[in-house]
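Here is a short, friendly tour of a protein model for your next coffee break. Have the structure open and follow along at your own pace.

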Amino acid sequence: MTTNESAFVKEIFSKDSSGHDYYHTLRVYKLATKIAKQENADRNIVRLAALLHDVDDIKLFPETHATKQNAVDFMKANRIDAETIKRVCKIIDEVSFAGTDSVIPDSIEGKCVQDADRLDAIGAIGIARTFAYGGSRGRKIYNPEIGPKLQMNRTEYQKNQDSTSINHFYEKLLLLKDMMNTKTGKEIAEHRHDVMENFLEEFKQEWDSIL
């Protein structure tokens with residue numbers, strides 16, 4: 001990541017405390033680059049899409065989500081050609097989890113970025129990010145009277161704001177291992193998935209032993 005790219009991401013996510021911060025982008029950038037190398041993907045496209053994958057995220061920047069204005073402005077300012085801008089914006093559109101409406105990217109570059117983003121949502125860091133995001137949205141850690149909603153479509157998933165952080169594991173995170181696209185992504189996901197399952201087992205044991 002260049003100094004210019006790093007400064008841009010640090011600035012745009014400077015006030016974030018939801019887990020979609022500079023370091024999330026940095027991890028996705030590095031993971032996507034690693035996967036791209038193994039998959040013989042176009043690393044320039046992968047790096048650019050990984051760098052910009054969250055700068056117009058609907059949860060963070062709903063006003064620019066449809067136009068990808070933040071991403072487009074950055075690329076134009078850095079003299080990225082129109083065809084590359086189009087390819088990168090398409091990848092950004094395909095990356096996010098959308099319940100049963102989630103898509104598999106058309107390109108290997110998109111698959112690399114999607115896998116990297118999903119890998120950062122699981123494992124130990126994924127657990128930490130889950131509770132950071134839940135806290136930023138006023139979500140309860142857990143309420144046994146509120147069950148997880150399964151098989152949600154895009155609209156249902158985006159409107160599901162009254163769930164709990166523990167439910168989020170069942171509504172999304174535990175599904176991601178089997179949604180990986182690349183061999184490298186699948187290999188990394190195996191261990192991170194186990195970390196989450198072990199955490200949830202321990203959480204339930206502690207919860208049940210007290211309440």
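The briefing below starts with the overall fold and then turns to aromatic rings and two individual residues. Please keep in mind that this is a predicted model. The protein has 10 helices and 0 strands, and its radius of gyration of 17 Å is close to the 17 Å that the globule rule gives for 211 residues, so the protein is as compact as a globular protein of that length.

**Overall fold**

- Going along the sequence, you will meet the pattern α-α-α-α-α-α-α-α-α-α.
- Along its principal axes, the C-alpha atoms of the protein fill a box of roughly 60 × 35 × 30 Å.
- Of the 211 residues in the protein, 47% are buried.
- Taking the contacts between residues at least 6 apart in sequence, 64% join residues that are at least 24 apart.

**Surface and charge**

- The protein's accessible surface comes to about 11,300 Å², and carbon and sulfur atoms account for 50% of that area.
- There are 30 positive and 34 negative side chains in the protein.
- The centres of these two sets of charges lie 4 Å apart.

**Aromatic rings**

- How many aromatic pairs does a search of the whole structure find? The search finds 11 aromatic pairs.
- A pair of aromatic rings is described by two things, the distance of the centres and the angle of the planes.
- F131 and F199 are an edge-to-face pair, because their planes stand at 70 degrees, with ring centres 6.0 Å apart.
- Since F131 belongs to helix α7 (residues 123-136) and F199 to helix α10 (residues 183-210), this pair ties together parts that are 68 residues apart in sequence.
- Both partners are partly exposed: F131 has a relative accessible area of 24%, and F199 has one of 25%.
- F203 and W207 are a stacked pair, because their planes are at 20 degrees, with ring centres 5.8 Å apart.
- Along helix α10, F203 and W207 are 4 residues apart, so about one helical turn separates them.
- Is F203 buried or exposed? F203 counts as buried, because its relative accessibility is 18% and the cut-off for buried is under 20%.
- W207, in contrast, counts as partly exposed, at 26% relative accessibility.
- These four residues come together with two others, as F131, Y142, F169, F199, F203 and W207 form one aromatic cluster.

**An exposed glycine in a loop**

- Look for G138 in the loop between α7 and α8 (154-159).
- G138 counts as exposed because its relative accessibility is 63%, and exposed means over 50%.
- The C-alpha atoms of G138 and T164 are separated by 9.4 Å, although the two residues are 26 apart along the chain.

**A buried threonine in α10**

- T184 lies in helix α10, the helix that also holds F199.
- With a relative accessible area of 8%, T184 is buried.
- Which residues does T184 contact, leaving aside its neighbours within four places in sequence? T184 is in contact with I35, Q38 and E39.

**To take away**

- For a quick look at helix α10, you could visit T184, F199, F203 and W207 in turn.
- Among these residues, T184 and F203 are buried, whereas F199 and W207 are partly exposed.

Definitions and conventions
Residues numbered from 1 in each chain as written. Predicted model: local features only at pLDDT ≥ 70, side-chain atom pairs only at ≥ 80, totals over all residues. Heavy atoms only, no water. Helix = DSSP H or I, 4+ residues; strand = E, 2+ residues; numbered from the N terminus. Rg over C-alpha atoms; globule rule 2.2 N^0.38 Å. Buried < 20%, exposed > 50% of the residue type's maximum accessible area, 1.4 Å probe, protein only. Contact = heavy atoms within 4.5 Å. Areas by Shrake-Rupley, 256 points an atom, 1.4 Å probe, with all protein chains shown as cover. Lys, Arg positive; Asp, Glu negative; His and termini not counted. Charge placed at Lys NZ, Arg CZ, Asp CG, Glu CD. Phe/Tyr/Trp six-rings, centres within 6.5 Å; stacked < 30°, edge-to-face > 60°.
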